[in-house]
Amino acid sequence: MRVLVAEDHRVLARTVAAGLRRQAMAVDVAHAGDQAERMCLLTAYDVLILDRDLPVMSGDEVCRRLRELVDPPRILMLTAAGELTDRVYGLTALGADDYLAKPFEFAELVARLRALSRRAPKPPPAVLCFGDISLDGTRREASVGGRPLELTPKEFAVLHLLLCAGGEPVPHAELVRTVWDEHLDPRTSAVRATVSWLRGKLGDPGRIAADKGAGYRLCD
């Protein structure tokens with residue numbers, strides 16, 4: 001899942017982003033409304049965590065503008081206002097997909113993000129399998145031949161993408177866009193290194209093939 005956190009409280013934004021990255025999500029951060037809108041126009045985010053009280057352009061206005069897009073991101077509104085009228089306004093008049101009042105529990109935020117991702121068209125099944133490789137996205141568990149895999153968040157996210165592709169190549173650019181964030185230099189070896197570590201944990205380097213110019217794919 002690729003997420004944009006639009007929050008002007010820098011400590012809160014940094015804390016939320018760090019927590020979501022530990023959940024194997026790719027996270028970018030914006031601190032102003034106009035910046036959030038611009039980033040959403042340039043990148044296909046799955047979910048936008050949008051604070052209503054942003055500088056330059058309010059979160060309400062950002063939400064209205066993004067709702068005019070053909071394929072807008074799912075929007076989870078954050079606000080210090082927890083009154084029923086505020087929640088109804090955010091969900092109806094503004095067109096937000098969900099609403100969470102501050103202060104909030106991080107576990108609830110993660111649960112709401114995953115619920116929003118399941119509402120997207122044709123979501124992948126909770127449990128993905130390819131040969132004897134299995135991944136449970138809900139429980140954050142993976143195994144090969146019945147043996148549990150201890151994966152880092154990046155390794156888990158890469159394996160999830162490869163399993164979703166079902167043996168078809170996943171381009172390098174797609175891995176960068178979905179698993180990492182905007183600060184990753186596309187020329188870096190991070191993707192290659194993560195795939196190499198994942199191959200080692202799967203127990204057979206041949207399980208993940210590198211097709212020159214096409215990307216990476218799972219092999220039987």
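**Exercise 1. In what order do the five strands of the open sheet lie, and which sense does their pairing take?**

Solution. In this predicted model, the open sheet of five strands reads E2-E1-E3-E4-E5, and its pairing is parallel. Take the edges next: strand E2 (26-30) and strand E5 (98-101) are the edge strands, each of them pairing on one side only. From one strand to the next, the twist averages 20 degrees. To inspect one pairing, turn to strand E1 (residues 2-6), which pairs with E2 in the parallel sense over five bridges; one of the positions to look at is Arg2, whose bridge partner in E2 is Ala26.

**Exercise 2. Determine which strands helix H2 and helix H3 meet, and state the angles involved.**

Solution. Begin with helix H2 (residues 33-42), which lies across E1, E2 and strand E3 (47-51) and runs at about 140 degrees to E2. Continue with helix H3 (residues 59-66), which packs on the sheet and touches E3 and strand E4 (74-79), its direction making about 150 degrees with that of E3.

**Exercise 3. Explain what the salt bridge between Asp51 and Lys102 ties together, and establish how buried each partner is.**

Solution. The side chains of these two residues, Asp51 and Lys102, meet at 3.4 Å, N to O. Asp51 belongs to strand E3, whereas Lys102 sits in the loop between E5 and helix H5 (106-118), so the salt bridge ties together parts that are 51 residues apart in sequence. For the burial of each partner, recall that buried means under 20% relative accessible area. Asp51, at 3% relative accessibility, therefore counts as buried, while Lys102 has a relative accessible area of 23% and is partly exposed.

**Exercise 4. Describe the salt bridges that Asp60 and Glu61 make with Arg52 and Arg64, respectively.**

Solution. Asp60 and Arg52 meet through their side chains at 2.7 Å, N to O, and both residues are buried. The salt bridge between Arg64 and Glu61 has an N to O distance of 3.4 Å. Because Arg64 and Glu61 are three residues apart in helix H3, about one helical turn separates them. Arg64 is partly exposed at a relative accessible area of 35%, and Glu61 is likewise partly exposed, at 28%. As a last step, follow the shared partners: salt bridges join Glu37, Glu61, Arg64 and Arg65 into one network.

**Exercise 5. What percentage of the residues of the protein chain count as buried, and what supplies its exposed area?**

Solution. Of the 220 residues, 44% count as buried. The protein chain exposes about 11300 Å², of which carbon and sulfur atoms supply 53%.

Notes
Residues numbered from 1 in each chain as written. Predicted model: local features only at pLDDT ≥ 70, side-chain atom pairs only at ≥ 80, totals over all residues. Heavy atoms only, no water. Buried < 20%, exposed > 50% of the residue type's maximum accessible area, 1.4 Å probe, protein only. Areas by Shrake-Rupley, 256 points an atom, 1.4 Å probe, with all protein chains shown as cover. Pairing = 2+ DSSP bridges. Helix = DSSP H or I, 4+ residues; strand = E, 2+ residues; numbered from the N terminus. Axes fitted to C-alpha atoms, helices over the stretch in contact; angles between N-to-C directions. Contact = heavy atoms within 4.5 Å. Salt bridge = Lys/Arg side-chain N within 4 Å of Asp/Glu carboxyl O.
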